[in-house]
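Here is a short briefing for a first look at this structure. Keep the sequence and the 3D view open while you read.

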Amino acid sequence: MRILVTGGCGFIGSALVLHLVNDLGHEVCTLDAMTYAANPISLAPLADNPRHRLVEADICDHAAVQKAFADFKPQAVMHLAAESHVDRSITDPGAFVRTNAIGTQTMLDGARGHYESLPEADKKTFRFLHVSTDEVYGSLPPGAFFTEDSRYDPRSPYSASKAASDHLARAWHETYGLPVLVTNCSNNYGPRHFPEKLIPLMILNALEGKKLPVYGDGQNERDWIHVEDHAKGLVAVLERGRVGQTYLLGGRAVRNNLAVVKALCAAFDRLRPGSAPHEQLISFVADRPGHDRRYAIDCTKAETELGWRPQKTFEQALEETVAWYLDNESWWRPIREGRYKGERLGLNG
Ligand SMILES: NC(=O)c1ccc[n+]([C@@H]2O[C@H](COP(=O)([O-])OP(=O)(O)OC[C@H]3O[C@@H](n4cnc5c(N)ncnc54)[C@H](O)[C@@H]3O)[C@@H](O)[C@H]2O)c1
């Protein structure tokens, strides 16, 4: 199948593209603007692969998007390109509205024009999978879980811009008949994760013997899913999801931030016993403004309808992730010494 993947040089996009091309034999066109969050090395294993091509373009660029559809003639779109970091959305919300809302509209328009030009038989199988986040549902009370029926309640500029993109995707289905599917996923972790997010930032700080800055009291809870489980979930939704439906994907691994950092320290103690105990590096810092307390996913619908379920065990896969960063310094060193050195982002005022 020919699949157009946006944001394929980012964290989840690269795991997905590698899975689609290497494991499943699909033909993929990656459309990516190569923002600070992209790492071209992530797709280097596909450099000479005839089943992959990279188009460097902005999803807000209508002409470039139209050209990508006309040239590649995709049978499906998996739309992941986004500004993705909550802390950055606090200091620069405009970039999030532009890429996440306007960019999604541009992709939907491009897909609609392409879809309407297809023969009837191809229309039946065409899909537009819009990839989103559980953060659109806001903050949960203790012990509660999001389902597909949860009410939208975005509270950060990031989650508000993603909520807008979800509504646009559904509107293009209802209004224009575009065969749209929407997924909302929990927090991902794994290889090739830009080191501004909690887990890779803590890994690189621990590696360098620097402080491990935990926001607030460290009790904010997230549901952690390994990026490869997410990629497989997206494929399951694309292949077997019902058009017009939403599927929540989660890792069934709810942990608070402090527990995550302590698990990372335990992994470091095993992999780098010389500098143990790493827990002594933990330091509590000012909380994120408007920091949502709890996200957790009930992914029963995806499990029962699609036969997908997350396979990885959190603590074990976390240790594998630490080992990946230890083994792949060439992936992160240029970032850490260049465009992002680990400084605090998103403090209001
Ligand atoms: N990371 C998570 O835990 C998580 C969880 C749930 C959902 N999501 C969603 O999954 C998607 C991918 O997230 P990620 O963590 O891989 O993000 P990321 O920041 O690692 O990568 C985003 C990619 O999109 C590209 N991009 C950004 N703006 C663009 C534009 N205007 N035009 C074209 N490309 C552009 C970047 O260059 C980068 O390669 C996003 O839509 C995000 O909202 C992420």
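**Around the ligand**

The shell around the ligand holds 28 residues, and Ile12, Asp32, Ser84, Tyr158 and Lys162 come nearest. The model is predicted. The points below start with the ligand, then turn to the annotated domain, the nonpolar core, the backbone and some single residues.

*Polar contacts of the ligand*

- Aspartate 32 places a polar side-chain atom 2.6 Å from an oxygen atom of the ligand.
- Tyrosine 158 also uses its side chain: an N or O atom there is 2.7 Å from an oxygen atom of the ligand.
- Isoleucine 59 takes part through its backbone, where a polar atom lies 2.9 Å from a nitrogen atom of the ligand.
- How much of the ligand does the protein bury? The ligand taken alone exposes 840 Å², and the protein buries 96% of that.

*Make-up of the shell*

- Four elements give two or more residues to the shell around the ligand. They are helix 1 (11–23), strand 5 (127–133), helix 6 (157–176) and strand 7 (187–189).
- Which element gives the most? Strand 5 does, with three residues.
- Sorted by class, the shell has 15 nonpolar residues, 10 polar ones and three charged ones.

**The annotated domain**

- An unreviewed UniProt entry carries the annotation "domain: NAD(P)-binding" for residues 4–321.
- Over residues 4–321, helix makes up 42% of the chain and strand 17%.
- The end C-alpha atoms of that stretch are 28 Å apart.

**The nonpolar core**

- The largest nonpolar core has 41 residues.
- Those with the most contacts inside this core are Val5, Leu16, Leu20, Met78, Leu129, Leu234 and Trp308.
- Several strands each supply at least two residues of this core: strand 1 (2–6), strand 4 (76–79), strand 5, strand 6 (180–185) and strand 10 (246–249).
- Helix 1, helix 8 (227–240) and helix 10 (300–306) also supply at least two residues each.
- Which element has the largest share of this core? Helix 8 does, with six residues.
- Helix 1 and strand 5 thus appear in two lists: each gives two or more residues to the ligand shell, and each supplies at least two residues of this core.

**Backbone features**

- A cis peptide bond runs from alanine 276 to proline 277, with omega near 0°.
- Proline 277 sits in the loop between helix 9 (257–271) and strand 12 (282–285).
- Lysine 73 is not a glycine, yet its phi is positive, at about 50°. Its place is in the loop between helix 2 (62–72) and strand 4.
- Is lysine 73 buried, exposed or partly exposed? Lysine 73 counts as partly exposed because its relative accessibility is 48%, which falls between the 20% and 50% cut-offs.
- Arginine 192 is not a glycine either, and has a positive phi of about 65°. The loop between strand 7 and helix 7 (198–207) holds arginine 192.
- Arginine 192 has 14% relative accessibility, so it counts as buried.

**Single residues and distances**

- Valine 237 belongs to helix 8. At 0% relative accessibility, valine 237 counts as buried.
- Valine 237 and aspartate 149 are 88 residues apart along the chain, and their C-alpha atoms are separated by 18 Å.
- Tyrosine 115 is part of helix 4 (residues 93–116). Its relative accessibility is 14%, so tyrosine 115 counts as buried.
- Between tyrosine 115 and proline 273 lie 56 Å from C-alpha to C-alpha, with the two residues 158 apart along the chain.
- Leucine 140 is in the loop between strand 5 and helix 6. Leucine 140 is buried, because its relative accessible area is 11%, under the 20% cut-off.
- How far apart are the C-alpha atoms of leucine 140 and alanine 296? They are separated by 7.7 Å, while the two residues are 156 residues apart along the chain.

Notes: Residues numbered from 1 in each chain as written. Predicted model: local features only at pLDDT ≥ 70, side-chain atom pairs only at ≥ 80, totals over all residues. Heavy atoms only, no water. Near = heavy atom within 4 Å. Polar contact = N/O pair within 3.5 Å; in protein donor to acceptor, adjacent residues only side chain to side chain. Areas by Shrake-Rupley, 256 points an atom, 1.4 Å probe, with all protein chains shown as cover. Nonpolar A, V, L, I, M, F, W, Y, C, P; charged D, E, K, R; others polar. UniProt positions renumbered as here; feature names shortened; annotations may be inferred. Core = buried A, V, L, I, M, F, W, Y, C linked by side-chain atoms within 4.5 Å. Buried < 20%, exposed > 50% of the residue type's maximum accessible area, 1.4 Å probe, protein only.
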